[in-house]
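This briefing addresses the architecture of a single model, taking its sheet, its cysteines and its pocket in turn. Please consult the sequence and structure shown here alongside the text.

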Amino acid sequence: MSQSPAPVRLIAIRDSALSVAEVLDAVTDPRAGGVVPFVGVVRDHDAGGAVTGLGYSAHPSAADRLREVAQDVATRHEVLAVAAVHRVGELVVGDLAVVCAVAAAHRGAAFDACRDLVDTLKSTVPIWKHQVFADGSDEWVGLP
């Protein structure tokens, strides 16, 4: 009898364009009745200002921490598969910043786990955002 694959299927920090299809493919599982993706996109505004672009920087430990977060989420929730990829470097409005997906036997578990994954990633993985506004001002977000 073959063993089920480990639930953490894809974890990466990349300086190139992200692929929703790659992340969804990583969590494909015949036992899954629900697959919930999350796609974070660079928007054109924040804090009342027009955003023209931003840059993401990551600590060298970011990928390891992201893997720990994914493993913790898989432990806390009844999931079959978890994947998360975050972008670093310079991005423009409309670029994908983060793509996550969770597969579970039932939709409720998949929704809960995906939200937990994204919220925990944003609050604990050492990735920092430097936003540039149309008026020339800028700000760092997510610094410790």
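The points below are grouped by topic, after a short note on conventions.

This is a predicted model, in which local features need pLDDT of at least 70 and side-chain atom pairs count only at pLDDT 80 or more, while totals for chains, interfaces and linings use all residues. Residues are numbered from 1 along each chain as its sequence is written, and side-chain values use heavy atoms, with hydrogens and water left out.

**Sheet and packed helices**

- An open sheet of 4 strands follows the order E1-E5-E7-E2, with mixed pairing; strands (E, at least two residues) and helices (H or I, at least four) are DSSP runs numbered from the N terminus, and two strands pair if DSSP finds at least two bridges between them.
- Strand E1 (8–14) and strand E2 (34–41) are the edge strands, and each has a single partner strand, so one side of each lacks a neighbour in the sheet.
- From one strand to the next, the twist averages 5° (axes are lines fitted to C-alpha atoms, for helices over the stretch in contact, and angles run from 0 to 180 degrees between N-to-C directions).
- Strands E5 (residues 81–87) and E7 (residues 96–104) run antiparallel and are joined by 6 bridges; His86 has Val98 in E7 as its bridge partner.
- Helix H2 (residues 62–76) packs on the sheet, where it touches E1 and E5, and its direction makes about 150° with that of E1 (contact means heavy atoms within 4.5 Å).
- Helix H3 (residues 107–124) lies across E2, E5 and E7 and runs at about 145° to E7.

**Cysteines**

- The count of disulfides comes to 0, a disulfide being a pair of cysteine sulfur atoms within 2.5 Å.
- The cysteine sulfur closest to that of Cys100 belongs to Cys114, at 6.0 Å, which is too far for a bond.
- Cys100 is buried, with a relative accessible area of 0%, and Cys114 is buried at 3% (buried means under 20%, exposed over 50%, partly exposed in between, with a 1.4 Å probe and protein chains only).

**Largest pocket**

- The largest pocket has a volume of about 430 Å³, a volume being the space filled by probe spheres set on grid points joined across faces, edges and corners.
- A pocket is an open set of points, on a 1 Å grid over the protein atoms alone, where a 1.4 Å probe fits, with protein on both sides within 12 Å along at least five of seven lines; lining residues have an atom within 4 Å of a point.
- Of the 22 residues lining the largest pocket, Tyr56, His86, Ala97, Lys122 and Lys129 are the closest to its centre.
- E2, strand E4 (49–58), E7, H3 and strand E8 (127–133) each supply at least two residues of this lining, and E8 gives the most, with 4 residues.
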